[in-house]
Amino acid sequence: MITQVEEPILEIHDLTVSYDQNPVLWNVDLSLPKGKLVGILGPNGAGKSTLIKAIMGLIPPTSGYIRIFDKPLNEVRTRISYVPQRESVDWNFPASVLDVVMMGTYGKLGLFRRPGKKEKELALHSLEQVGMSGFVKRQISELSGGQQQRVFIARALAQQADLYLMDEPFAGVDMATETAIFQLLKEMADTGKTVIVVHHDIHSAMNFFDWAIMLNLHLVASGPKDLVMTEELLRKTYGGKLNLLTKVTDLIKRKEFNPLKS
Amino acid sequence: MEDFVYFFTFQDPSILWVVLGITLLGIGSAYVGTFSFLDKKALLGDAISHAVLPGICLGFILAGEKNPVYIVTGAFVSGGIATFLSTWLKRNTKLSEDAIIATILSVFFGIGIVMLTALQKSGNPEIAGLNTFIFGNAIGISEKDLMLYGGLALFIILVLTFFLKEFRLMVFDREFGDSIGFPMKSISFSFNVLMILAVVIGIQAIGVVLMAALLITPGSAARFWTDRLGTLLILAALFSVISGVMGTYISFVLPQMPTGPWVVVFLSLIALISFLFSPKSGMLFRFFARKKYLRKTHREHLLKALYKALEEGRKSLPIEEIYELYPYHKPQTQSGIKDLKQNNYINQNQEFIELSQSGISEAMRIVRLHRLWELYLNESMNIAPDHVHDSAEQLEHLLTPELEALLEKRLNYPALDPHQETIPRDRP
């Protein structure tokens, strides 16, 4: 059940991704419309993070291609914002909340130029949007998990992008914060931004997303929430890995080289 | 003392030069070192510093004398090969990083020592100067050499200052840097070049064996004092410069003393002081903070004991009975009673202790927190009533007024705890 759209904001064409020699995503082919809040759902190890890393060009695809705003990634990077998993950085790094959020302005500044007054105002405004104005000067190691997550989202807001890719932004976040952030993302989608979120909780996914991408090493479904979040497709997504696919993966792993690489 | 005044008044221009050189070197290496320490690559600096030795010897062989340009180039190339090899091995083999670093360090240093020994047997009279590269000798550096080392140090400082934003991104969140299209590979590469340069500029003053200490120790020591990157860099540079100048001074007073080991002695001293005395993360601070906390908990336990007696209808307790409650902690109990008296929480009437009005209110607060927490564990976390006491015993000293208000609201201002005891509140 894959819904393709006209004039997609993001087009993924037959994408296969492997780590070393371990294929983790098979032939993903989908397109997304503008202004939607999109959830990427699937069990652990389904390739959810891999998919957005591949979109961001952080992992080279083994085959296939991706076009964003009908252009190759490198031409539109300043219009895309990526929020990595919270655990991917060392929160003991000596930096204040403002320092981290200011990083969101680096992309548009480019190399050499230093952030100035305008960038600082933008960062402060972004912090206000996520309700963290009271923490501007706080050392990042002193924040709770949910606060760290909000700092990351503020950094993304400071990027002023049109497409947002967020990797598990609700991991370790309490219910109240989750709802507040979802509300914020929804408002962003309403103003024409596209927000793609890797998410693991099906229950809240039902409530908040407009569109769902369901993965389990391969693309199970992609389409409007009401069409794809059916019992049958959910069972397909969460009902364990395909036996044959696992066997093929093992076969590829045993080769001395990566046979999928073109 | 005369030496001290002579040295630090810089009457001798050559001393001024050396101190200036050491200062630049200290700032440069501390600067680079702090970043590599934050990037958890401290060991790489050690490997590089040992790995430059074959290059130094090769530079000497090619020049036939102690020509600084040849030696610096040789050292840089050999350090570069070591760095490249370690990254390459990491990417293309399954070896772990520590195994790779240890191997590279020992292999390169071994080759270097073999070359050095062979050179010593060759009978070249210039060779004597080459030994100083092992442990360093800051005093013996000529002005011409200083220009080269100082210039390189200045270059490192400028590049790092200019690209602070990029290097900060590299250490904190490299993937994000990639995502916004920054050339993170080139930035990493430039950083490695700076790291090798930082080692190279120290080889003559500090020596290859101990140069890693000048890279890593200042940043690690400074980390105890601050949570800000800017302050961290300045402090690290300061520590490094102080140790560098002191080490040089020792080499000046006792000419047979190598500089490197003395620099490390001073650095270690600074690191030890930081470890013990820095506020918040220092050992001493933590020791006293804990002690203070234990004192507070004991005080609060005394209040609780008096309050429980009050609940049973006994307005005061004999002091001996209180001591018996904590049989092995009589001194603590005595100081606790003294503290409570000072705060006017209790009154002593001969051998009897009784809670004052403010004491009752304070005791109620602790008992209330204890019982509220017990109830919370029981109601919200489904823990049986006979399993909630120990946790409450700890949390009663920790819960803040905000959390207390939250608990009250959450539990809807309950009257009884899971053991059917009254949760005490001040009558408004």
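Start by selecting residues 211-216 and 218-224 of chain A: these are strands E8 and E9, antiparallel and joined by six bridges. Keep in mind throughout that you are looking at a predicted model. For a landmark in this pair, pick A:Trp211 and look across to E9(A), where A:Pro224 stands opposite. Then zoom in on the turn. The two strands make a hairpin with one residue between them, and A:Leu217, in that turn, has a positive phi of about 70°.

**Stop two: the other end of chain A's numbering**

Now select residues 10-19 and 22-32 of chain A. These are strands E1 and E2, and they pair in the antiparallel sense over seven bridges. Put A:Glu11 on screen as sticks and you'll find A:Ser31 of E2(A) opposite. E1(A) and E2(A) also form a hairpin, with two residues between them. Which residue in this turn has a positive phi? Click on A:Asp20: its phi is about 50°.

Stay with E1(A) and add residues 63-68 of chain A to the selection. That's strand E4, which runs antiparallel to E1(A) and is joined to it by five bridges. A good pair to label here is A:Ile12 and A:Ile66, since the bridge partner of A:Ile12 in E4(A) is A:Ile66. While the side chains are switched on, remember that in a regular strand they alternate between the two faces of the sheet.

**Stop three: zoom out on chain A**

Show chain A as a cartoon. You should see 10 helices and nine strands. Its C-alpha atoms fill a box of roughly 55 × 40 × 35 Å along the principal axes. How does the radius of gyration of chain A fit a compact globule? Chain A has 19 Å, which agrees with the value near 18 Å for a compact globule of 262 residues.

**Stop four: the contact between the chains**

Next, bring up both chains and select the residues where they touch. Chain A puts in 17 residues and chain B 19 residues. Color the chain A side by class and you get 11 nonpolar, four polar and two charged residues.

**Stop five: chain B as a whole**

Hide chain A and look at chain B in cartoon. It has 20 helices and three strands. Is chain B compact or spread out? Its radius of gyration is 32 Å, well over the 22 Å that the globule rule gives for 428 residues, so chain B is more spread out than a compact globule. Along the principal axes, the C-alpha atoms of chain B take up a box of roughly 95 × 60 × 35 Å.

**Stop six: the sheet in chain B**

Go to the strands of chain B. Three of them form an open antiparallel sheet in the order E1-E3-E2. Select 316-318 and 346-349 to highlight the edge strands, E1 and E2, each of which pairs on one side only. Turn the view and you can follow the twist: neighbouring strands are turned by 25° against each other on average, direction ignored.

For a closer look, add residues 352-355, strand E3 of chain B, which runs antiparallel to E2(B) with four bridges joining the two. B:Gln348 stands opposite B:Ile353 in E3(B). Now switch on residues 283-311 of chain B. This is helix H15, which packs on the sheet and touches E1, E2 and E3 of chain B; its direction makes about 85° with that of E3(B).

**Stop seven: two helix pairs in chain B**

Select residues 53-63 and 97-121 of chain B, helices H4 and H6. Their axes come within 7 Å and cross at roughly 30°, which makes H4(B) roughly parallel to H6(B). The crossing is left-handed. Among the residues that meet here are B:Cys57 and B:Phe60 in H4(B) and B:Phe108, B:Gly112 and B:Met115 in H6(B). By class, this contact has 10 nonpolar residues, one polar and no charged ones.

For the last pair, select 42-51 and 211-223 of chain B, helices H3 and H12. They pack at an angle of about 160° with their axes 8 Å apart, and H3(B) and H12(B) are therefore roughly antiparallel to each other. H3(B) passes H12(B) in a right-handed crossing. Show B:Ala42, B:Gly45, B:Asp46 and B:Ser49 of H3(B) against B:Met211, B:Ala212, B:Leu215 and B:Ile216 of H12(B) to see the contact. The residues there divide into five nonpolar, two polar and one charged.

Conventions:
Residues are numbered from 1 along each chain as its sequence is written. Chains are lettered from A and ligands numbered from 1 in the order in which they are written. This is a predicted model: local features need pLDDT of at least 70, side-chain atom pairs count only at pLDDT 80 or more; totals for chains, interfaces and linings use all residues. Two residues are in contact if their C-beta atoms, placed from the backbone, lie within 7 Å. Ala, Val, Leu, Ile, Met, Phe, Trp, Tyr, Cys and Pro count as nonpolar, Asp, Glu, Lys and Arg as charged, and the others, Gly among them, as polar. Two strands pair if DSSP finds at least two bridges between them. Axes are lines fitted to C-alpha atoms, for helices over the stretch in contact, and angles run from 0 to 180 degrees between N-to-C directions. Angles under 35 degrees count as roughly parallel, over 145 as roughly antiparallel, 65 to 115 as roughly perpendicular and the rest as oblique. A crossing is left-handed if the near helix is turned anticlockwise from the far one by less than a right angle, and right-handed if clockwise. The radius of gyration is taken over C-alpha atoms; the globule rule is 2.2 Å times the number of residues to the power 0.38.
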